[in-house]
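User: I have a structure open in front of me and would like to learn how to read it. Could we go through it together, one question at a time?

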Amino acid sequence: MGMMERFGDALRGLNSRASPARPMPSAGYLRDGRNVTLNGFRPTLRAPSQDVQVAWEQAAAQSTYLAQNSGFIAGMIDQAVVNVVGQGLQLNARPDAEALGMSTEAATEWARGVEARFNTWADRAIDCDAEGRKTLGHQQAGWFRSWLLMGEIFCSLPFIDRPGASWRTKVKHIPAHLCVNKSNGQDLVQGVRIDSYGYPKSYLFRTAAQNMGLPQEIEIATRDSEGRSQVIHAFDGMAGQLRGITVLAPVILVARQYGQLGDGTLSASLLQSVFAAVMESEAPTIDTLRALQTPGEQSQVTPLEAWMEATGGWQKNVNIDLNMPGRIAHLFPGQKLTFLENKHPNSQFVDYAEFLLREIARCCGLTYESATGDYSGATYSSVRMATTENFLVTLYRRKNIIAPVLQQIYEAWLEEDIELGNTKFPGGARGYLRNRAAAARAIWRGAGKPQADDLKTAKAHELWSRLGVISHEMICAELGVDYEDIVIALADEKRLRERHGVPEPTRVEDAQAEALIAQSEQEPARAN
């Protein structure tokens with residue numbers, strides 16, 4: 001290589017070191033990663049099951065503590081339970097008539113008989129509850145509370161012969177913390193033993209200590225050899241997640257902040273109430289404070305006793321005591337006493353507290369107004385829209401949290417009812433096991449959507465029905481009732497009126513309905 005070529009290479013190297021090439025601008029996510037806000041924000045991406053396993057026990061303990069010690073949290077949980085469960089989801093049996101070789105009429109009649117017997121079983125605690133204390137509707141409330149605080153529901157279906165009971169199928173609610181939270185790195189994940197596809201084959205539970213003994217671990221298969229459920233597990237989560245976690249996990253910190261905000265505001269308010277006075281004086285601070293002391297507190301000798309003796313006459317006749325309201329005192333010459341206004345709580349406290357409560361309510365699937373009972377500033381339109389949106393959350397939780405538990409219970413109960421001969425089925429119990437899915441198909445119905453104005457809702461239903469875009473069955477479903485039950489009840493009422501000579505009820509005509517709606521709209525204005 002010649003001298004000039006070596007010089008050119010050295011020059012190019014010098015230039016590259018002196019002025020490094022600037023990176024070309026490009027598009028991409030997280031380009032502001034060096035921003036002050038995102039600096040240091042480097043969460044680790046792990047499998048959902050690992051995140052749940054690490055945080056489950058602490059999150060469950062903290063959420064339970066909040067439910068036991070926070071009035072707002074306890075109230076929100078109660079409201080969520082009422083919205084989703086109410087008095088309990090009701091069975092609406094829908095057997096597949098074609099798959100079972102039945103006519104539509106025969107399947108409908110068969111379903112009504114099954115519903116009646118199932119409701120009898122569900123309404124008797126001695127029949128449906130392994131502990132004999134709660135009806136099935138009451139148990140549903142306990143399941144949903146467990147899901148809110150623990151993130152999951154565990155139930156077993158033991159067979160128990162009990163005097164006074166007509167069925168042996170019972171439901172046992174298992175506390176979620178009894179499922180062992182451990183893994184072996186292979187087929188056991190958080191106490192759930194799975195196959196290669198992730199299907200839960202069995203569950204590992206810790207038994208409660210009895211008679212001063214140590215807790216033991218037992219493993220229970222998910223289903224028996226006939227496919228009957230032995231352990232029911234319901235939760236909500238991401239793909240790969242085998243255990244649930246409390247829905248309050250994202251707002252545990254927020255709930256604590258709300259409590260700290262209240263404690264801090266109360267402390268500041270009490271502090272200002274006690275020390276809401278400032279004294280301005282030319283005398284030394286320690287001597288000015290001694291003027292606020294009681295005669296007993298002033299008995300201590302200080303280096304400035306002479307000055308205090310000079311003002312002793314004034315002190316004997318004047319006493320300033322902040323604990324005694326309504327007192328007016330004449331101060332020593334050169335002193336000034338100023339009273340301060342209590343500034344707590346202020347408007348900022350109300351705004352920030354409302355913001356925290358809104359976040360907690362949203363996480364619980366409630367509107368702020370429903371969670372707190374504060375409807376100030378809410379309008380009919382805003383309440384209606386919020387109720388409609390949150391009712392979709394209620395439907396989701398009914399469908400995916402409570403209904404799966406009830407469906408497995410129903411399938412087990414129906415199998416026994418067929419074995420007992422109460423429910424006739426082609427092929428008996430064996431025929432049922434071969435056609436379980438078709439025979440036990442059902443819908444679980446809860447309370448209807450809350451309405452801000454029943455008259456406006458009824459008018460809207462009438463309009464949609466006339467346009468032909470909604471059926472009477474859909475209207476009944478929105479109201480939380482079964483259309484077949486309504487039709488049968490109306491027919492029974494009509495026959496009863498005819499038997500006793502009672503005239504038919506007067507129908508409300510369109511003009512009358514319009515007048516009733518207009519009257520309801522004017523009543524608030526007259527009241528104001």
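User: Let's start with leucine 467. Is leucine 467 buried or exposed?
Analyst: Happy to help, and please keep in mind that this is a predicted model. Leucine 467 has a relative accessible area of 55%. The cut-off for exposed is over 50%, so leucine 467 counts as exposed.

User: Which helix holds leucine 467?
Analyst: Leucine 467 belongs to the helix that covers residues 454–467. That helix is α17.

User: How much accessible area does the nonpolar surface patch of Leu463, Trp464, Leu467 and Val469 have together?
Analyst: Leu467 is one of the residues of this patch, along with Leu463, Trp464 and Val469. The patch is nonpolar and lies on the surface. Together, the accessible area of these residues is about 430 Å².

User: Now for threonine 367. Is threonine 367 buried or exposed?
Analyst: Threonine 367 sits in the loop between α12 (347–363) and α13 (368–372). Its relative accessible area is 12%. Buried means under 20%, so threonine 367 is buried.

User: Which residues does threonine 367 touch, leaving out those up to four places away in sequence?
Analyst: With those sequence neighbours set aside, we can list the contacts of threonine 367. They are Ala361, Ala386, Thr387 and Asn390.

User: What length, from first C-alpha to last, does helix α7 reach?
Analyst: Helix α7 runs over residues 136–150, which makes 15 residues. At 1.5 Å a residue, the expected span is 21 Å. The model comes close to that, with α7 reaching 20 Å.

User: Why is α7 described as largely enclosed by the rest of the structure?
Analyst: The reasoning rests on how many of its residues are buried. α7 is largely enclosed because, of its 15 residues, the number buried is 13.

User: Which residue follows α7?
Analyst: The residue after α7 has a positive phi, near 90 degrees. It is glycine 151.

User: How many salt bridges are in the whole structure, and which residue does arginine 117 pair with?
Analyst: A search of the whole structure gives 19 salt bridges. In one of them, the closest N and O atoms are 3.1 Å apart, and the partner of arginine 117 is aspartate 417.

User: How many residues apart in sequence are the parts that arginine 117 and aspartate 417 tie together?
Analyst: Arginine 117 lies in helix α5 (residues 104–122), while aspartate 417 lies in helix α14 (residues 380–419). Arginine 117 is partly exposed at 24% relative accessible area, whereas aspartate 417 is buried at 0%. The pair therefore ties together parts whose separation in sequence is 300 residues.

User: What is the N to O distance in the salt bridge of arginine 193 and glutamate 219?
Analyst: The side chains of arginine 193 and glutamate 219 meet in this salt bridge. Arginine 193 is in strand β5 (residues 192–194) and glutamate 219 is in strand β7 (residues 217–221), 26 residues apart. The N to O distance is 2.6 Å.

User: Which residues are linked with Glu131 in a network of salt bridges?
Analyst: One salt bridge joins glutamate 131 to arginine 133, with the closest N and O atoms 3.0 Å apart. Arginine 133 is exposed at 62% relative accessibility, and glutamate 131 is partly exposed at 40%. The residues in the network with Glu131 are Arg133 and Lys172.

User: Let's move on to rings. What kind of aromatic pair do phenylalanine 118 and tyrosine 410 form?
Analyst: There are 14 aromatic pairs in the count. The ring centres of phenylalanine 118 and tyrosine 410 are 5.5 Å apart, with 85 degrees between the planes. Planes over 60 degrees apart count as edge-to-face, so this pair is edge-to-face.

User: Why is the pair of tryptophan 167 and tryptophan 413 called tilted?
Analyst: The ring centres of tryptophan 167 and tryptophan 413 are 6.1 Å apart. Stacked pairs have planes under 30 degrees apart and edge-to-face pairs over 60, with the rest counted as tilted. The pair is tilted because the angle between its planes is 45 degrees.

User: Which residues make up the cluster linked by ring pairs?
Analyst: Both of the ring pairs we just looked at belong to this cluster. Its members are Phe118, Trp121, Trp167, Tyr410, Trp413 and Trp444.

Methods. Residues are numbered from 1 along each chain as its sequence is written. This is a predicted model: local features need pLDDT of at least 70, side-chain atom pairs count only at pLDDT 80 or more; totals for chains, interfaces and linings use all residues. Side-chain values use heavy atoms; hydrogens and water are left out. Patches are made of residues with over 30% relative accessible area and no salt bridge: like charges are joined within 9 Å, nonpolar side chains (Val, Leu, Ile, Met, Phe, Trp, Tyr) within 5 Å. Accessible areas come from the Shrake-Rupley method with a 1.4 Å probe; for residues, only the protein chains shown count as cover. A salt bridge is a side-chain nitrogen of Lys or Arg within 4 Å of a carboxyl oxygen of Asp or Glu. Helices (H or I, at least four residues) and strands (E, at least two) are DSSP runs, numbered from the N terminus. Buried means under 20% relative accessible area, exposed over 50%, partly exposed in between (1.4 Å probe, protein chains only). Contact means heavy atoms within 4.5 Å. The expected span of a helix is 1.5 Å times one less than its number of residues. Rings of Phe, Tyr and Trp (its six-membered ring) pair if their centres lie within 6.5 Å; planes under 30 degrees apart count as stacked, over 60 as edge-to-face and the rest as tilted.
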